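Please look through the structure below with the sequence beside it, and follow the chain slowly as the paragraphs take you from one place to the next.

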Amino acid sequence: MVTGRAPHAILISGPAGIGKTTLALDLAAGLLCDDPDPVARPCRACRGCRLVERSRHPDVHRLAPSGPGDQIRIGARDRPEDGTVRRLASDLVLMPVEGGARIAIVERADRMTDDAQTALLKTLEEPPAGVTIVLCADDEDRLMPTVRSRAARIRLGPVAVREIESILEDAGVAEPPLAARLARLAAGRPGAARALARAPAALAARDEIARVLLDLLAADTAARLTAVRDLTARASDVARGLDRAALADAGPEGGATPVPAKRGRTGKTQLVAPAEATPVETGASRSGDENGVDDDALEESGAAKASVPAAERRRAASIVVGLWRELARDLLLVSVGVDRQVRDPALLDDLRVAAATLASPAAVNLVRPDPEVSGSDGAGGELGSFLGRLDEAGELLEANVRPELVLDALLLHWPRAIVT
């Protein structure tokens, strides 16, 4: 694309943190590079490359989700505001400032509303001369078929663990032992590894969530339900840490500014279980002493939820669900004796202890299916079923189901340790 002729529109897709925006910026630098040899572009040394690297090039237009809904909006028809599709379209009609190409980078393009996608469609069909529009999407299926069909498509896959280690070490953000751990945690996403390396507090909160979830295997129903607030509070700490890391990486002009979250609890999560508890059915009322839960605590929880925007609570719940999925996967691997494939070696001892209380032949069937076994056990046992519930929980959160209800249901179905 740099040495020849770039398409007028490009769709780069792949998981969050895989490097979509990084590749888009590399392409922008290559198209705006001043080096006379096309093969050497981007040279990283000329004025154009330096301006792109510092996010200050006047001919690179970046658009990202913003606001409480974390969406890219269409904008007003007359005098559209910044950060909207109509404002981007009006900017692209203008002549380039530096006299070369113009590049528009739409980050997380799958967060565009339907109206915004429709508004962008006209620009994609009839782009101004010299304009290249790069759409970066975590889930390209959320884009309308008419948008996808008008762009050259590139899908990025996971990066090897050793390569991510090298990226972190070369950037000077992590020493070799930490780089090795983060490279495994990132599951092939160098951006995710870099963000955790720059946010040690977020990494610590992440570890705490994992250990609390393991502790809850042996907890009764009331303790599980009262842990929701602590889990989401620590997940908010993870979100804040990652936001600060993203701002530090981007610099003062580096794209959209994440919406700061409210300050939350920073102390170690404590699990306080009542002396006795009665099992609670999904959807049943949890008020009063009937189920062993304190009314005052519930009122305090309700007040806290009312003061936190729904988008922030949903994001915190999504973080918990994502970490939970990784933990359940590692726990299942340890249960079947595949310790070397565990994603977080730092939790290996804790996982072994937890797996010993959950070990059952049913868990083995998920990895080594037995054709003689039928029914739910043959499909993978409790952990296999729970992994399916985690996938469903992610879909429910995307559909704006109340985050606390989603987490409550997961906690009620989280496998229980066998007490001997």
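In this predicted model, the side chain of Arg 206 makes a polar contact with the side chain of Glu 326, at a distance of 2.3 Å. Arg 206 belongs to helix α9, and with a relative accessibility of 10% it counts as buried, because the cut-off for a buried residue is under 20%. If its neighbours within four places in sequence are left aside, Arg 206 is in contact with Leu 185, Leu 196, Val 238, Leu 323, Glu 326 and Asp 344. Another way to place this residue is by its C-alpha atom, which is separated by 9.9 Å from that of Ala 239, a residue 33 places away along the chain.

One of the residues that Arg 206 touches is Asp 344, and it is worth turning to that one next. Asp 344 is found in the loop between α13 and α14, the latter covering residues 348–358. Is Asp 344 buried or exposed? Its relative accessibility is 3%, so it counts as buried. Apart from neighbours within four places in sequence, Asp 344 is in contact with Arg 181, Leu 185, Arg 206, Asp 207 and Asp 330.

Two of those contacts, Arg 181 and Leu 185, lead to helix α7, which runs over residues 176–185. The buried residues of this helix are Ala 179, Arg 181, Leu 182, Ala 183 and Leu 185. An α-helix has 3.6 residues a turn, so residues three or four places apart point the same way. The buried residues of α7 are covered by parts that include α6 (161–171), α8 (190–197), α9 and α13. After α7 comes Ala 187, which has a positive phi, near 55°.

The next step is to look for empty space inside the model. Rolling a probe the size of a water molecule over the atoms shows where empty space is left. How many cavities of 30 Å³ or more are there? The count comes to two, and the largest cavity has a volume of about 90 Å³. Its lining brings back residues already met, for it is made up of Leu 185, Arg 206, Ala 210, Leu 323, Glu 326, Leu 327, Asp 330, Arg 343, Asp 344 and Leu 347. Helices α9, spanning 200–215, and α13 each supply at least two residues of this lining, and the largest share, four residues, comes from α13. Sorted by class, the lining of the largest cavity holds five nonpolar and five charged residues, with no polar ones.

Helix α13 also leads to a group of aromatic rings. A pair of aromatic rings is described by the distance of the centres and the angle of the planes. The model has three aromatic pairs by the rule used here. In one of them, Trp 324 and Phe 386 form a tilted pair, with 5.3 Å from centre to centre and 55° between the planes. Trp 324 lies in helix α13 (residues 310–335) and Phe 386 in helix α16 (residues 381–398), so this pair ties together parts that are 62 residues apart in sequence. Both partners are buried, Trp 324 with a relative accessible area of 0% and Phe 386 with a relative accessibility of 1%.

Phe 386 also takes part in another tilted pair, this time with Trp 414, where the centres are 4.8 Å apart and the planes make an angle of 50°. This pair, too, links distant parts of the chain, since Phe 386 is in helix α16 while Trp 414 is in the segment after α17 (403–413), 28 residues away. Trp 414 is buried, with a relative accessible area of 1%. Through these ring pairs, Trp 324, Phe 386 and Trp 414 are linked into a cluster.

Finally, these places can be set against the chain as a whole. Its secondary structure comes to 17 helices and five strands, and buried residues make up 41% of its 420 residues. Among contacts between residues at least 6 apart in sequence, 70% join residues that are at least 24 apart.

Terms used:
Residues numbered from 1 in each chain as written. Predicted model: local features only at pLDDT ≥ 70, side-chain atom pairs only at ≥ 80, totals over all residues. Heavy atoms only, no water. Phe/Tyr/Trp six-rings, centres within 6.5 Å; stacked < 30°, edge-to-face > 60°. Buried < 20%, exposed > 50% of the residue type's maximum accessible area, 1.4 Å probe, protein only. 1 Å grid on protein atoms, 1.4 Å probe; cavity = no way out; pocket = protein on both sides within 12 Å on 5 of 7 lines; lining within 4 Å. Points joined across faces, edges and corners; volume = space filled by probe spheres on them. Nonpolar A, V, L, I, M, F, W, Y, C, P; charged D, E, K, R; others polar. Contact = heavy atoms within 4.5 Å. Polar contact = N/O pair within 3.5 Å; in protein donor to acceptor, adjacent residues only side chain to side chain.
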